[in-house]
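Biologist: Before we discuss the fold, could you put the model on the screen and walk me through the sheet, the surface and the chain's later part?

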Amino acid sequence: MIAINYTTARQNFKDFCDKTVNDFETVIITRERGENVVLLSESEYNNMIENLYVRSNSKDYKELLESIQQLKKGQGKIRELIEDE
């Protein structure tokens, strides 16, 4: 995680955008007047939103965790996918 002030962010915006995308860095932009801002890549944002959605339903999340444990124990099954014609 990188914390920079607004002026530095403005002067080097492209470089910090590249860091968020290429290096999966989170950049916190501090401001004297107003709340701080967080810069992250679209893929990181989408991943975070997806995780929040999955965890929002406790029943589904519990089933997911149980399925992961079954796979780790070798209890998974290989199945053929039905192909669309």
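Modeller: Two strands are taken as paired if DSSP finds at least two bridges between them. Please keep in mind throughout that this is a predicted model.

Biologist: How many bridges join strand β2 to β3, and in which direction do the two run?

Modeller: Strand β2 covers residues 27-30, and its link to β3 can be followed at Ile29, which stands opposite Val37 in β3. Since pairing requires at least two bridges, the count found here satisfies that requirement, as β2 and β3 are joined by three bridges and run antiparallel.

Biologist: Which strands stand at the edges of the sheet?

Modeller: The sheet is open, with three strands in the order β1-β2-β3 and mixed pairing. Each edge strand has a single partner strand, so one side of it is left without a neighbour in the sheet, and this applies to β1 (2-5) and β3 (37-39).

Biologist: By what angle are neighbouring strands of this sheet turned against each other on average?

Modeller: Ignoring direction, the average turn between neighbouring strands of this sheet is 25°. The order to which this refers is β1-β2-β3, and the value asked for is thus an average of 25°.

Biologist: Is Tyr45 buried, partly exposed or exposed?

Modeller: Tyr45 lies in helix α3 (residues 42-56), and together with Met48, Ile49 and Leu52 it makes a nonpolar surface patch of about 390 Å². Because its relative accessible area is 43%, and the class between 20% and 50% is the intermediate one, Tyr45 counts as partly exposed.

Conventions
Residues are numbered from 1 along each chain as its sequence is written. This is a predicted model: local features need pLDDT of at least 70, side-chain atom pairs count only at pLDDT 80 or more; totals for chains, interfaces and linings use all residues. Side-chain values use heavy atoms; hydrogens and water are left out. Helices (H or I, at least four residues) and strands (E, at least two) are DSSP runs, numbered from the N terminus. Axes are lines fitted to C-alpha atoms, for helices over the stretch in contact, and angles run from 0 to 180 degrees between N-to-C directions. Patches are made of residues with over 30% relative accessible area and no salt bridge: like charges are joined within 9 Å, nonpolar side chains (Val, Leu, Ile, Met, Phe, Trp, Tyr) within 5 Å. Accessible areas come from the Shrake-Rupley method with a 1.4 Å probe; for residues, only the protein chains shown count as cover. A salt bridge is a side-chain nitrogen of Lys or Arg within 4 Å of a carboxyl oxygen of Asp or Glu. Buried means under 20% relative accessible area, exposed over 50%, partly exposed in between (1.4 Å probe, protein chains only).
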